[in-house]
Amino acid sequence: MTTLLFVVFASLGVIFLWGLIAPRSQWYVLVSWSHRDQYATEPSGSAYLLHRVIAALGIATMVVSGILVYHSQENREPESPTPPTAAEKMWGSPAPVVVNRVISSVAEIPKNLVEQPILGFQRVMGQTRQPPYLFKLGTFSLAAATPDNGYIGVDPAPGLVALDTALLVVHVAGDPACFPHAAIVRETDESVSIAIYYGRATPKDGSNAEFASECNILSSGANVSTLVPIQLEKSLGARTVLTLQGDAIRGVPYLR
């Protein structure tokens, strides 16, 4: 907007300054061609004087307007950034996406996959759809993430989403070229231990199995912030949530 105003003011300034300094030249260039006899219709000296006065007033008006615009820009309050959403306050920006797959635990640590650090967890009450913000988040999507390529879990039942049967979500931030392949969930009376494993597409012919492990645990903003729904045999209750190594996973409180 400021650039546009500058262009307009500069253009008008040239015209007004021309009219102030050489009104006769301006009349000959801009008006005289429209008269059959330009010499007979040339304005008088008084008309040229009035033309100069009008041009001077125009220049003065532009100068005052320019000063006012400049000061208004200088004194303008900086625009407030868009406040973070509740999801961004809890999980960081941008808001995470949800893996819409019903996940079963695998028995052993899978080979050729990369364990993702679990950054936090939150309780879910799927039957009552609480907390409700979770059910409004976007869904994890990657062209290569298909069941044939090793994508974790199975589709939820018709009319449901994976969160409907979950009791937890865990937060990971994975390589944007990779997707979740497997999870381990081990439950005891005192704790729930969880691990999430990422990889790339599994080669259909079984060759180059190491390809699945080519996932970097990145620290840049390119990582895809992702919530993985976890089904449990019973409600979490007072049990602690741990990594497989026994480290406590941070519980993220629900912010409305």
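1. In this predicted model, Val97 has Thr226 as its bridge partner in strand 7. The two elements concerned, strand 1 and strand 7, run parallel and are joined by two bridges.

2. This pairing belongs to an open sheet of four strands, arranged in the order 1-7-4-3 with mixed pairing. Its edges are formed by strand 1 (97-98) and strand 3 (120-123), each of which pairs on one side only.

3. Strand 7 (residues 224-230) also pairs with strand 4 (residues 168-174), here in the antiparallel sense and over seven bridges. Within that pairing, Ser225 in strand 7 stands opposite Ala173.

4. Is strand 7 enclosed by the rest of the structure or open to its surroundings, and why? Strand 7 is largely enclosed, because six of its seven residues are buried. As general background, side chains in a regular strand alternate between the two faces of the sheet.

5. The largest nonpolar core holds 27 residues, and those that touch the most other members are Leu168, Val170, Ile194, Ile196, Val228 and Ile230. Two or more residues of this core come from each of strand 4, strand 5 (179-187), strand 6 (191-199) and strand 7. Strand 6 makes the greatest contribution, giving four residues.

6. Val228 merits separate attention. When neighbours within four places in sequence are left aside, Val228 is in contact with Val99, Ile103, Leu168, Val169, Val170, Val172 and Ile196. A second core, separate from the largest one, has 13 residues, among them Ala87, Tyr133, Val169 and Leu227. Val169 is thus named both as a contact of Val228 and as a member of the second core. In soluble globular proteins, nonpolar side chains tend to be buried together.

7. A nonpolar patch is also present on the surface. Which residues make this patch of about 490 Å²? They are Leu49, Leu50, Val53, Ile54 and Leu57. Leu57 is placed in helix 3 (residues 45-75). The relative accessible area of Leu57 is 55%, so this residue counts as exposed, the cut-off being over 50%.

Key:
Residues are numbered from 1 along each chain as its sequence is written. This is a predicted model: local features need pLDDT of at least 70, side-chain atom pairs count only at pLDDT 80 or more; totals for chains, interfaces and linings use all residues. Side-chain values use heavy atoms; hydrogens and water are left out. Two strands pair if DSSP finds at least two bridges between them. Buried means under 20% relative accessible area, exposed over 50%, partly exposed in between (1.4 Å probe, protein chains only). A nonpolar core is a set of buried Ala, Val, Leu, Ile, Met, Phe, Trp, Tyr and Cys residues joined through side-chain atoms within 4.5 Å. Contact means heavy atoms within 4.5 Å. Patches are made of residues with over 30% relative accessible area and no salt bridge: like charges are joined within 9 Å, nonpolar side chains (Val, Leu, Ile, Met, Phe, Trp, Tyr) within 5 Å. Accessible areas come from the Shrake-Rupley method with a 1.4 Å probe; for residues, only the protein chains shown count as cover. A salt bridge is a side-chain nitrogen of Lys or Arg within 4 Å of a carboxyl oxygen of Asp or Glu.
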